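Thanks for coming, everyone; today I would like to walk you through how two chains meet. Please have a look at the sequence and the structure first.

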Number of protein chains: 2
Amino acid sequence: MSQLEPTPRTTLKRGKDRGSYELDDIHGILDAGLACHLAFIANGSPHIIPTAYGRIGSTLYVHGAAANRALRALCNGEPACLSVTHIDGLVLARSAFHHSMNYRSVVLYGPMREVTDDEEWLAGLHAIIEHMVPGRWDDVRGPNAAETKRTMVLALEIDEGSAKVRSGPPVDDEEDYEIGCWAGVIPTPIHFAAPIDDPRLAPGIEVPSYVRNYRRAGRTPSRTNGGST
Amino acid sequence: MSQLEPTPRTTLKRGKDRGSYELDDIHGILDAGLACHLAFIANGSPHIIPTAYGRIGSTLYVHGAAANRALRALCNGEPACLSVTHIDGLVLARSAFHHSMNYRSVVLYGPMREVTDDEEWLAGLHAIIEHMVPGRWDDVRGPNAAETKRTMVLALEIDEGSAKVRSGPPVDDEEDYEIGCWAGVIPTPIHFAAPIDDPRLAPGIEVPSYVRNYRRAGRTPSRTNGGST
């Protein structure tokens, strides 16, 4: 399978040319992200939780406190919607109407499943930590029994959803190109700044290379800079 | 009113010490953001739209295509949830369990209202453009009749919601401070890079100062850098 099948709720109605069902696009945008927004329904109201995530193949994992009633309710096959969005730039057009943002976003749908198998639970947590900082897991203490009991891992199969991407310069109405104002893009990439030592860091512990050289997959300058040269 | 009244769906259950109902905190986080995530229910499923927004006092405005059925459905008093999240840093603890992110987030609830008054419609659109790039509105062509007809503006009163903030270094279990791995924070601020001219920019048009010196309110280094020195 190289792309997802459109469904009634994922069929793009507007901006079709910006949309994609390609798994390469969807996985690439997911892998580049730091946090997702997870939406669900409780007491007749939509709710949003920003949270970390990780991916193994076609499965996305999130975690939370086992005591979190909202997360627990999500495991009962309730519908969920998960979004990852990168804002790559502000698009300044010559008209207010054509102002926009360059972005890459993925929206996924599906019921979520509580991970109860020990092996998959650990793999899910591993994926979340390694998604955040590749190379980190082997350096830290793994979850003990009490932490395992307090932590719920949820899985979402990546089988219904779509990606949407806007890149490049503003697109103005033809007659507006004569307007004498500046137009272009302000790129807004995430900057991974110099790491800050924990004030309680023991003397002599150096910053590991996976922290010193921290980068995210998928945040390539060619995307970030849009279509201009 | 200096803070919002907690309601059943905004009463913080976990991480109370990270939560706030103070309007100063909520407005500050909203004003620092570029895009929000808007969640609503359609056909029994939650949906998420990432979109731009702007604020005037205690009212948040978003806009979209008038033909957008999802947005139109939102105007019928349906419940909505809107979130703005800043990821300020990756928090690397000595145990997998205590890994976290530094963040500032706001979640708001409420029915949304379609703005039908001409004056408020224009004020809402103005707020959205000026939120994105303060100083921009006066330089560009305003909406014409056709654009006005095609654009819907929606309002959300900021009267139910909360903010949540995590900052500072990792917090490890006391016995884990002896583990010999590095711990600390990788700051992840947004970098506003040098503006990129539209390839069709006419010769001699300079980058205006509000673009050249682009900054966001609220993204202060002290927050971004967490609690360490």
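Gly184(A) has Asp197(B), in strand E12 of chain B, as its bridge partner, and the strand that runs over residues 184-187 of chain A, E11, is joined to E12(B) by two bridges, with the two strands antiparallel. Strands here, like helices, are DSSP runs numbered from the N terminus, at least two residues for a strand (E) and at least four for a helix (H or I), and two strands pair if DSSP finds at least two bridges between them.

I should say early that this is a predicted model, in which local features need pLDDT of at least 70 and side-chain atom pairs count only at pLDDT 80 or more, while totals for chains, interfaces and linings use all residues. Residues are numbered from 1 along each chain as its sequence is written, and chains are lettered from A and ligands numbered from 1 in the order in which they are written.

Turning to the interface, 84 residues of chain B are in contact with 83 residues of chain A, contact being C-beta atoms, placed from the backbone, within 7 Å. On the side of chain B that touches chain A, E6(B) gives the largest share, eight residues, and the elements that each supply at least two residues include helix H3 (118-132) and strand E7 (100-111) of chain B.

As for symmetry, a turn of 180° and a shift of 0.0 Å along the axis lay chain B on chain A with an RMSD of 0.0 Å, superposed by least squares on the C-alpha atoms of residues with pLDDT of at least 70 in both copies, and that is the relation of a two-fold axis. Within chain B, the C-alpha of Ile190(B) is nearest the axis, 2.2 Å from it.

Technical notes:
Two residues are in contact if their C-beta atoms, placed from the backbone, lie within 7 Å.
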